[in-house]
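Q: Please take one part of this model and examine it closely. Then set it beside other parts of the chain, explaining each term as it arises.

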Amino acid sequence: MLPNEAKNRIDALSAELRQHNYNYYVLAQPTISDFDFDQKLRELADLEKQFPEYIDLESPTQKVGGEVTKEFQTVRHRWPMLSLGNTYNEQELHDFDQRIRKAIGDNFEYVCELKFDGLSMSMTYEQGKLARAVTRGNGVEGDDVTTNVRTIHSVPKKLTSGNYPNFFEIRGEVLMHRKAFERLNNERIESGEIAYANPRNFASGTMKLQDSAEVAKRPLDCFLYFLYTDKPLFKTHWESIQAVKSWGFHVSEHTRLCHSLKEVLDFIAEWELKRFDLSFDIDGIVLKVNNYAQQQELGFTAKVPRWAISYKYKAEQVETILEDVEYNVGRTGAVTPVAHLKPVLLAGTTVKRATLHNANEILRLDLHEGDSVYVEKGGEIIPKIISVNPAKRRPDAPPVSYRTTCPACGTPLERKEGEAAFYCPNDEACPPQIVSRMQHFVSRKAMNIDGLGDETIETLYNRNFIRHISDIYELHNRKPELQQMDRFGEKSILNMLAGIEKSKQMPFEKVLFGLGIRYIGETVARKLVAHFKTLERLKAASLEELTAVDEIGERIAQSLVEYFSDPAHQEELQKLQSQGLQFISEAKEVTLHSDKLSGKTFVISGVFETRSRDELKELIEQNGGKMLSSISAKLNYLVAGDNMGPSKLEKANKLNIPIISDEELLRMIQ
Ligand SMILES: NC(=O)c1ccc[n+]([C@@H]2O[C@H](COP(=O)([O-])OP(=O)(O)OC[C@H]3O[C@@H](n4cnc5c(N)ncnc54)[C@H](O)[C@@H]3O)[C@@H](O)[C@H]2O)c1
Ligand SMILES: [Zn+2]
């Protein structure tokens with residue numbers, strides 16, 4: 001390769017890899033596989049070796065890939081948080097082993113550990129208490145996510161046993177178990193929120209949330225694998241992890257002390273298949289030289305330690321035939337393509353279907369009818385098509401073209417600007433949309449109607465009893481007709497009607513969630529109701545007023561405005577109101593204790609030692625003060641606790657808004 005060609009390739013690869021780093025670490029939505037990413041990184045490293053004059057200090061080969069964000073306080077790491085070198089083949093492990101032998105001789109051991117597929121976290125303990133938790137960030141500085149990490153049960157907030165030092169840092173991997181991932185991701189899909197591709201992305205997306213209460217609802221776990229102390233306490237890594245286990249930290253039981261590379265390779269071979277039996281994902285094995293003095297002798301590069309390496313498993317792949325593409329219509333009208341495959345054995349299960357996500361994915365794959373495709377099962381539950389084998393394509397095979405009409409009702413599909421999914425807009429008459437909308441409405445998490453399950457909804461729909469949610473509340477007028485239906489006994493009818501009647505008492509937030517408005521999940525519904533209190537006010541809210549509410553973005557606001565502007569929806573809501581459903585939140589009436597804060601406005605941010613944010617809010621309102629939803633020139637006071645976002649702080653400072661503590665607030669009303 002000519003030098004100028006090499007320079008161009010180096011620049012192009014660097015730019016591409018930077019984008020992938022951003023997608024992976026910041027957005028938690030990677031667009032290529034780890035294997036492809038690592039291949040490209042390898043190509044860049046090789047070119048840089050050949051043409052060292054073009055090495056840039058900012059090159060992705062020289063730096064840890066993540067970033068710090070503006071939403072959290074930035075913290076500098078006392079010890080840099082590095083990455084790990086990695087390999088996908090055995091030969092390179094032999095090379096690694098040889099390099100080590102050359103540097104420190106033959107007398108050493110390896111510790112083999114699982115390579116947990118999550119995000120790394122550094123936690124500092126002072127006097128036995130969790131003082132700080134920081135993400136890896138760019139390796140030098142990370143985000144302070146202490147309040148989020150406090151919600152993880154397996155991370156001790158206070159140590160109770162063991163001979164631990166007054167100050168130490170411990171590092172590990174925060175991850176989500178596959179079961180929890182599946183459950184929570186399904187809930188997201190059901191409520192029209194964007195699904196995560198795998199547990200790693202879900203865990204990493206969760207750690208970036210500003211609302212720790214929401215983090216607490218998503219069960220995370222944390223395995224610890226590095227201890228850092230100012231004075232050396234132990235001679236080996238192995239001793240240190242045994243010790244931290246005795247202090248109450250979660251250390252994986254699948255860790256092994258190996259005396260030769262052969263034993264390491266056995267460990268790797270053993271977990272190649274056994275990893276699928278774990279309740280969480282691992283993407284490889286990490287081997288670390290055990291002795292600290294030897295680690296020190298080996299040292300670091302700018303990006304990785306020289307005394308450790310990871311062996312990554314390639315996601316398991318098989319080749320099979322694409323038999324058909326099926327299109328499913330969801331509750332919100334989104335049409336999702338699913339590939340039907342010739343059944344094939346993959347990672348221990350028979351695979352018949354694979355997700356295709358959306359039309360872009362079909363284009364990206366350049367999928368043709370009857371193609372021979374490579375299917376991969378990484379951590380994901382549903383396998384996906386990675387690529388096609390064009391060599392096996394029939395010459396006359398036409399490309400798979402995305403449907404242009406709804407498979408259920410024939411309506412032409414629509415696609416919104418900037419969205420990947422196609423929608424069937426016929427929400428008033430498209431059967432699967434209507435049925436699943438009503439099934440969602442009666443479901444446990446929404447109106448929780450006893451005696452009215454998914455199957456009954458389907459039957460009642462097919463027999464023309466129900467077309468709209470409001471029809472459910474008219475069923476009591478049609479008892480004689482219901483009694484005519486076979487398999488529908490007197491008792492189950494009474495049970496159902498009683499359940500329907502009772503559901504009229506369900507609070508407004510459940511009703512709002514039950515309506516199944518696109519992007520309005522449980523949490524969003526709760527936030528909206530807490531803010532607007534009544535349907536009237538919610539309906540009247542402008543885009544701007546909606547987005548001013550905590551965690552309500554443009555997309556959600558737009559969806560609400562559209563929903564309420566549809567005359568059919570207005571009519572339906574009116575019916576439901578007259579049928580007696582709840583559209584006003586029964587929030588506690590505020591009883592005034594004083595008017596000491598009258599005419600003053602407040603915003604509360606951060607976390608407080610002694611009181612919750614809600615308690616502070618109540619105090620403000622009881623004394624005549626008013627809460628605002630965001631920082632603006634109109635604001636009188638910002639009540640700030642710990643871990644307030646730096647962007648809020650900056651805004652308040654810019655507008656010269658007094659920042660007070662919770663104690664100062666209490667003094668104002670004494
Ligand atoms: N697909 C993409 O677009 C994309 C983009 C960027 C990075 N990546 C992937 O991420 C990898 C690079 O990420 P990285 O720098 O975080 O490195 P890495 O994930 O390959 O290895 C380092 C990390 O492993 C984790 N780890 C898990 N178990 C461990 C254990 N027992 N001991 C020590 N560490 C353990 C730690 O979090 C550590 O930071 C690449 O190999 C690539 O596959 C993919
Ligand atoms: Zn349709």
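A: Helices and strands are DSSP runs numbered from the N terminus, a helix being H or I over at least four residues and a strand E over at least two. The model is predicted, and local features need pLDDT of at least 70, side-chain atom pairs count only at pLDDT 80 or more, and totals for chains, interfaces and linings use all residues. Residues are numbered from 1 along each chain as its sequence is written, while chains are lettered from A and ligands numbered from 1 in the order in which they are written.

The part chosen is Gln433, which belongs to helix H12 (residues 431-442). Gln433 is buried because 25 other C-beta atoms lie within 10 Å; the class requires 20 or more such atoms within 10 Å of the residue's own, whereas 12 or fewer make a residue exposed and counts in between make it partly exposed, with C-beta atoms placed from the backbone. Apart from neighbours within four places in sequence, Gln433 is in contact with Val329, Arg331, Gly333, Cys424 and Asp427 (contact requires C-beta atoms, placed from the backbone, within 7 Å). The C-alpha atoms of Gln433 and Thr332 are 6.5 Å apart, although 101 residues separate the two along the chain.

The whole chain gives the context. It holds 25 helices and 22 strands, and 32% of its 670 residues count as buried. Among contacts with a separation of 6 or more, 68% join residues 24 or more positions apart.

A second part to compare is an open sheet of four strands, ordered E20-E19-E21-E22 with parallel pairing; strands pair if DSSP finds at least two bridges between them. Strands E20 (626-627) and E22 (659-660) are at the edges with a single partner strand each, so one side of each has no neighbour in the sheet. Four bridges link the parallel strands E19 and E21, and Ser605 stands opposite Ala640 in E21. Strand E21 (residues 637-640) also pairs with E22 in the parallel sense, over two bridges, with Val639 opposite Ile660. Within E21, Tyr637 and Val639 point one way, Leu638 and Ala640 point the other way, and all are buried. Helix H23 (residues 613-622) lies across E19 (601-605), E20 and E21, at about 170 degrees to E19 (axes are lines fitted to C-alpha atoms, for helices over the stretch in contact, and angles between N-to-C directions run from 0 to 180 degrees).

The surroundings of ligand 1 form a third part. Of the 24 residues around ligand 1, Tyr24, Pro30, Asp34, Ser83 and Ser120 come nearest (a residue is near if its C-beta atom, placed from the backbone, lies within 6 Å). Helix H1 (3-26), helix H2 (34-50) and strand E3 (110-116) each give two or more residues to this shell, and the largest share, four residues, comes from H1. The shell holds nine nonpolar, nine polar and six charged residues; Ala, Val, Leu, Ile, Met, Phe, Trp, Tyr, Cys and Pro count as nonpolar, Asp, Glu, Lys and Arg as charged, and the others, including Gly, as polar. Ligand 1 lies between domain 1 (3-54) and domain 2 (74-312), because both give residues to its shell; domain bounds come from an automatic or database domain assignment.

Strand E3 leads to another sheet. This open sheet has five strands in the order E2-E11-E10-E3-E9, with mixed pairing. E3 and E9 run antiparallel and are joined by three bridges, and Tyr110 has Cys258 in E9 as its bridge partner.

Technical notes. Two residues are in contact if their C-beta atoms, placed from the backbone, lie within 7 Å.
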